[in-house]
Structure formats: structure tokens, C-alpha cells
Amino acid sequence: MADPPGCCRPCATCLLCLYSCQWITAKKEKRKGLRTTKCDCSWFLFLFCVFLFTLVWLYFAIIILNDFHNFNEFIFKQQKLWMDWSLVLLIATAVLIIYSAALLVLALCLQLCGQPLKLHWLHKTLLIITALMVAAAFTGLGIKWAEEWRSARISLQATGPFLHIGIVGGMTLLAWPLASVVYRTRNKGCRVFLLLVYSALMIALYVAPLGITSPCIMEENQLPPKPALVGHRGAPMLAPENTLMSLRKAVDCDVQVFETDVMVSADGVPFLMHDEKLTRTTNVQAVFPERAALNSTAFNWTDLQQLNAGSWFLERRPFPTVQSLSHGDRIQATRQKIPSLEQVLEAAKDSNISIMFDLRPENHSDYQSFVNATLEVILQSGIPLQQVLWLPDGFREQVKQQVPGIQQIYGRKRLQDEKEPLLRVNLPYQDMSSEEIRQYRQDNISVNLYVVNKPWLFSVLWCSGVSSVTTNACQVLKEMKHPIWLLPSSTYLMIWIVVDCVSLLMILWAFLLLKKCSQRRRLAESETDVLLTKINSLMQD
């Protein structure tokens, strides 16, 4: 079989060797009579599906990076081991996608060169392992981290217009190997089937934007105000969480609210701490090794003041930004202590920043006394009560009666039979759709969503009209002047039409060009057959 124009024999041999793991030259391949069988085609289809499967997982991996710090904390609580598992996720995903993509490119090039698709058993085994690994990753995501499916839905709203362009481009490039298969296949039914399926897919893609909705497809003058920033435990990427240093860094980031967690010591002093145990964010194992496993509320205030609440930040580096801290910030971080609520309220009052907190643990037998101790500190601090956002649901009515000036913020959506209207809600960003956010905004209900770290997610919520977001990355979101993408409807319509027209022209060009190549190849084969017939006749004579 003559090689197609533009495909040199050494290149075809090299591609065949990489794909089949055997050094088979084009001449040997022809002599052996190797051809692509139905089994080979099935393995190519499996390779294509594995590539798509891995590509979808890569998309999910990028999406869940927004919440991956929660996963790192979960692993630490279970295994007492801290590391940035997002690096493991990205490296493993990159290896899988590069491997499957390389094999797919080899297969497509072999098809264009007219070589057989003899996939080696080692590649087959690795492809099966790749598919099983990705399936296991999706299964684990669905069991342990189901809310990330809703994160994917939000991301699709944001990236839908751009994913559409990418998919159209990928399917357009697929026209080249498809045309090669169509012109090489002698089975008319198979050719018609392939063309019909491909045409149906392309038509569906061309009209897909009719069903794509994105919050950021709007005119610039319709863009809602930029959401206010709420510092999640302060500025945890720039300072140890729930410390006075973290509060000051949050103020520097123009954060309007300092979000934190409050616990009450054994002797009745409210202090800042998120975890039920002190092991992650203090050196309790070094100072009180025999008591390290106890809950935070089992320690009195004197004991808590002996602990260092900042050294862990430099040792474990919970965020990559720790490496870029200045020498002064590093020294300051090592000197951080667990702050009392009184100290934090004083700092918040001086900085004119609001404070929102949860009171933990909610299931403690002395929870009512925790509430009373916390209210007492708030009243004694002298902070304006409109700067205090009360989040705990326990004994909320008692709090309203004792300190009516405190701002109430609810961790739930409004009810149909609500006795008094909600003014503020604080919810995970996965729990509210763009339509609900817009409705709450029209009804003058302030919506705060948490935890929003990535610019793409902040952009979607900005376009949707959310009032504020709780974030770990206040230094990143502070610098955003506009959403990452903001497309007027007319601009998107123009992009849609241009992409579809260019795609259609490239597909027609691919089929016409390969049709000419096919005709030349058949002419060359017929001339070769005529020449061989004449030679045979001469030899017989």
C-alpha cells in the first residue's frame, strides 16, 4: 500500500513502533499482511473513551481545588499527617491525561498514515488501569465529597460558552482522521453510519448555545456591585488562622468582616479556635503531651496562653503563599498566641471591622453557659453591636431578647412561613443557584456564601449578584476589578457564529483534501496493479 502524501515511511514506522511497542517497518508490515481488525477498532474506541473520561476528571480536579484545603484538614484529623494533597491530585491527573492523549495522537497519526492500529498489550493494561483509577476517583468524590457535584454545576454555568468553543474545535480536528477512515473503508453502510453520527453531533454542537446560560453573559452596565470580602478565620494564606495577626492582614486586604469560631475555656473565657482539638494549630503536643487529645474546652485560659499558635503555620505551610512571607512576617507568625474573644473584639473595634462567629461545639452540655459568657464579653467590650454578626442557632431567641442590637445572620434559606423576615443568610456557595441569589437580592436579603477562593468562582457569584463571600484568598480577590469573563450577548452571538462557520469550512476542507489524496492513492495502486500484470505476462512469455 502506498503511503499517503505527506507521510514519510520512517515517520510511519516510528509511530507504529511507539503504538505497538514493536519495531515493524512499513515493508515488514506489508509483508506480514497486518491490518486493522475489528478488535483493534474496539481498542481505539476504548482509548478515545478513556481520554474523554480522564479529560472530564481533569476538569473536576481543577474545580475542586477551590475547596481542597478542607480535604487537607480532613486528612490531618484522620491521619495526623499534613501535606498539600492537591499537588498529588494534579500530578497524578496530569500523568494520566498526558499518557492517554499521547496514545490517542499516535493512533490518529497512524490512521492518517494508513498504518494498522495494533495496540500493544502493555498499553491495553495501562489504559484499563487508567480507567479504573479515574472511576475510583469519581466514586470517592461521590461518596465522601458529594457537594462537589454542585460545584461542577456552577462551574459549567461559568465555563459553558468557552467549553463549547473547545469542544467544537476538538470535533473539527476529528474530521481529518474520520475522513481518512471514510475514504479507506469499502463498506458503504459503515461510511454512511459514520458520516450520519458525526453530522448529527456537529449539528447539535452548532446549536448548543441556544441552551447555554451563564450569569456573566450580560451588558457591563448590568453588572452588580463587587461582593464584599469576609475573611475566613482572617487571612489564613498570609498569617496563622484565628490570630490577631490574621485579623490585621485581613484588614489590610480591605475585608469588611472577620469570620471566626469561638470556644469557651474550662474557666469560662471565650477564645478563638476552629478545631475541637488543639493539635493542628498549636504546639499542644510539645507543651501538654499527655493532654493533647483532649478537646479545646477542657483547657483553662492559663494553659491556653502557654501554647504557640503560629509556628505550625511556617512548619506545615498550609498554603503555597507561606513561602513568600517576608522575614518580619515570619517572626511575627512565630509569636502568635491563641487570642481571647475580648482581644479580638477590641482589635475589630479599633479597625472598624465587623466580626461574624460561630460558637462551638454546639452539642456541648454547657452550651448555654457558653452563650452567656460570650454575650457578657461582647457587652463589656464596648464594640458597636451592629458590628457583631451572630451565627449560632442555639439559644438564638434568648440572644435576641438579651442583646437585641446584635445582627442576626442565619445559616439556612428562608422558609415559606417565616415569622419575621430574614435580613442576612450565610450559606455554602453550592447551596444557592444564580436565580435564588438574584431573588434574595431583589428582596433586600444580604447573601454571604462560603468558602470562595478561586477567581473563576468569585466571578460567577459576582455576576449573580451575591452580597459578600467568605474567602481564604482575600489578597487575590481584592485585586479583581472585573469578573474574569463578562460577555455582552451580542459579542457572544458573534463568537458563536464565527466559530461555527470556521468549523464548517475546516471540516469541508478536510474531507475535500483527503478525497483528493484518496483518489491519488487509488490511481497509484491501479497503475501498480497494471504494471504487475504486465510483468507477470512477460515472465510467463
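**Entry 1: cavities**

I began with enclosed space and found three cavities of 30 Å³ or more in the structure. My notebook is about a predicted model, where local features need pLDDT of at least 70 and side-chain atom pairs count only at pLDDT 80 or more, while totals for chains, interfaces and linings use all residues. Residues are numbered from 1 along each chain as its sequence is written, and side-chain values use heavy atoms, with hydrogens and water left out.

A note on terms: on a 1 Å grid over the protein atoms alone, a cavity is a set of points where a 1.4 Å probe fits but cannot get out, whereas a pocket is an open set with protein on both sides within 12 Å along at least five of seven lines; lining residues have an atom within 4 Å of a point. Grid points are joined across faces, edges and corners, and a volume is the space filled by probe spheres set on the points.

The largest cavity holds about 70 Å³ of space. I listed its lining as E241, N242, T243, L272, M273, H274, T281, A309, W312, K337, I338 and P339. Sorted by class, that lining has six nonpolar, four polar and two charged residues. Here Ala, Val, Leu, Ile, Met, Phe, Trp, Tyr, Cys and Pro count as nonpolar, Asp, Glu, Lys and Arg as charged, and the others, Gly among them, as polar.

Next I looked up the second largest cavity, with a volume of about 40 Å³. Its lining includes R153, Q157, S433 and L461. Helices α7, α18 (434-442) and α19 each supply at least two of the lining residues; helices (H or I, at least four residues) and strands (E, at least two) are DSSP runs, numbered from the N terminus. Domain 1 (9-214 + 488-532) and domain 2 (228-478) each give at least three residues to this lining, with domain bounds taken from an automatic or database domain assignment.

**Entry 2: a pocket between domains**

I then turned to the second largest pocket, which has about 780 Å³ of space. Of its 32 lining residues, N70, H232, H274, Y450 and V451 are the closest to the centre. I met H274 earlier, in the lining of the largest cavity.

Which element gives the most to the lining of this second largest pocket? I found that α4 does, with four residues. At least two lining residues come from each of α4 (68-79), α7 (147-173), β2 (257-264), β4 (354-359) and β7 (424-428). The lining divides into 11 nonpolar, eight polar and 13 charged residues. Both domain 1 and domain 2 contribute to the lining of the second largest pocket, so the pocket lies between them.

**Entry 3: the nonpolar core**

I looked up the largest nonpolar core and counted 63 residues. Such a core is a set of buried Ala, Val, Leu, Ile, Met, Phe, Trp, Tyr and Cys residues joined through side-chain atoms within 4.5 Å. The residues with the most contacts inside this core are I355, W390, I406, L449, F458, L461 and V469. Helix α19 (residues 455-464) provides the largest share, seven residues. This core also takes residues from both domain 1 and domain 2, so it lies between them.

I picked L449 for a closer look and found it in strand β8 (residues 446-450). L449 is buried, with a relative accessible area of 0%; buried means under 20%, exposed over 50%, and partly exposed in between (1.4 Å probe, protein chains only).

**Entry 4: backbone details**

Two cis peptide bonds went into my notes. One runs from R360 to P361, with omega near -10°, and P361 sits in the loop between β4 and α16 (367-381). Another joins Y450 and V451, with omega about -20°; V451 is in the loop between β8 and α19.

I also noted positive phi values outside glycine. D254 has phi near 65° and lies in the loop between α10 (244-252) and β2. N444 has phi of about 60° and lies in the loop between α18 and β8. Are these two buried or exposed? D254 counts as exposed at 53% relative accessibility, and N444 counts as exposed at 65%.

**Entry 5: UniProt records**

Finally, I checked the unreviewed UniProt entry, which places "domain: GP-PDE" at residues 227-481. UniProt positions are in the numbering used here, feature names are shortened, and annotations may be inferred rather than shown by experiment. Over residues 227-481, I read 34% helix and 16% strand, with the end C-alpha atoms 11 Å apart.

The "transmembrane region" annotation covers several spans, including 85-113 and 125-143. Residues 85-113 are 97% helix, with end C-alpha atoms 42 Å apart. Residues 125-143 are 100% helix, with end C-alpha atoms 27 Å apart.
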